[in-house]
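Trainee: I would like a close look at one part of this model. Please take it slowly and connect that part to the rest of the chain.

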Amino acid sequence: MIVSMMTALALAAAPVAGQAPVSADEQAVRAALQHYLDGHATGRSADFDKAFYPESRLLFVRDGKFSTIESKDYVARAPGKPADDEAKRKRWIEWVDVAGSAAVAKIVLDYPTVRFTDYMTLLKVDGGWRIANKAFHADRRDPPK
């Protein structure tokens with residue numbers, strides 16, 4: 001199930017009891033992150049393109065070694081359609097922290113055979129927020145029976 005961007009933004013902006021209302025910048029950061037989540041849900045590269053700066057990079061550890069790829073190469077892998085097991089996949093924004101023109105966020109992608117934890121660095125340029133870098137970890141698991 002794909003949650004509409006407006007619904008997701010409304011939920012993200014709703015204050016929790018005892019917490020201050022979400023700022024306009026935090027709402028905009030969450031909107032950029034929602035494009036990223038939408039890209040995973042739909043498989044459309046256009047959604048990812050709205051989330052990442054063209055020069056951004058993805059950082060990770062593979063076989064114990066530091067690895068990196070450009071976001072344009074990551075986006076190019078988008079299949080253009082939802083995954084066959086899309087109904088079993090869950091994604092959410094754990095938290096967002098904004099300071100001026102910089103922000104960080106934690107996203108969880110919980111799939112049947114892997115759980116990704118993404119740490120995003122976002123920057124506000126010309127009034128718009130986008131992902132500058134993504135560092136992630138993947139916890140692989142056996143497929144459900």
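Trainee: By class, how many nonpolar, polar and charged residues does the lining of the largest pocket have?

Mentor: The model is a predicted one, so every value below is computed from predicted coordinates. The lining of the largest pocket has 21 nonpolar residues, 5 polar residues and 7 charged residues. That is the short reply; the rest places the pocket in the chain.

Start with the pocket itself. The volume of the largest pocket is about 780 Å³. Its lining consists of 33 residues, and those nearest the centre are H40, Y74, R77, F116 and F136. Several elements take part: α2 (24-42), β1 (52-62), β2 (65-70), β5 (114-125) and β6 (128-140) each give the lining at least two residues. The largest share comes from β6, with 6 residues.

Now the chain around the pocket. The chain contains 4 helices and 6 strands. Followed along the sequence, these elements come in the order α-α-α-β-β-α-β-β-β-β. The chain has 145 residues, and 37% of them count as buried. Take the contacts with a separation of 6 or more: residues 24 or more positions apart account for 48% of these. The accessible surface of the chain is about 8,600 Å², and carbon and sulfur atoms hold 55% of that surface.

Next, the strands that supply the lining. β5 pairs with β4 (residues 102-110) in the antiparallel sense, over 9 bridges. The connection between β4 and β5 is a hairpin with 3 residues. One bridge to find on the screen links L109 to F116 in β5. F116 has already come up, as one of the residues nearest the centre of the pocket.

β5 also pairs with β6. These two strands run antiparallel and are joined by 12 bridges. Two pairs of residues can be used as markers: T121 is opposite N133 in β6, and L122 has I131 in β6 as its bridge partner. I131 is also the bridge partner of F52. That second bridge belongs to the pairing of β1 with β6, which is parallel and has 4 bridges. Thus β6, the source of the largest share of the lining, is paired with β5 and with β1. When you trace such strands, keep one rule in mind: side chains in a regular strand point alternately to one face of the sheet and to the other.

The turns come next. β5 and β6 make a hairpin with 2 residues between them, and D126 sits in that turn. D126 is not a glycine, yet its phi is positive, near 50°. For most residues other than glycine, phi is negative. D126 counts as exposed because its relative accessible area is 81%, and the cut-off for exposed is over 50%. A similar entry concerns D63, in the loop between β1 and β2. D63 is not a glycine either, and its phi is positive at about 55°. With a relative accessible area of 73%, D63 is exposed as well.

Last, the helices. α2 is among the elements that supply at least two residues of the lining, and Q34 is part of this helix. Q34 has a relative accessible area of 10%, so it counts as buried under the 20% limit. Q34 and I93 are 59 residues apart along the chain, while their C-alpha atoms are 8.5 Å apart.

D47 belongs to helix α3 (residues 45-51). D47 is buried too, with a relative accessible area of 5%. If its neighbours within four places in sequence are set aside, D47 is in contact with H35, Y36, D38, G39 and T42.

To go back to your question, the lining has 21 nonpolar, 5 polar and 7 charged residues, and β6 contributes 6 residues to it.

Note on methods
Residues numbered from 1 in each chain as written. Predicted model: local features only at pLDDT ≥ 70, side-chain atom pairs only at ≥ 80, totals over all residues. Heavy atoms only, no water. 1 Å grid on protein atoms, 1.4 Å probe; cavity = no way out; pocket = protein on both sides within 12 Å on 5 of 7 lines; lining within 4 Å. Points joined across faces, edges and corners; volume = space filled by probe spheres on them. Nonpolar A, V, L, I, M, F, W, Y, C, P; charged D, E, K, R; others polar. Buried < 20%, exposed > 50% of the residue type's maximum accessible area, 1.4 Å probe, protein only. Contact = heavy atoms within 4.5 Å. Areas by Shrake-Rupley, 256 points an atom, 1.4 Å probe, with all protein chains shown as cover. Pairing = 2+ DSSP bridges.
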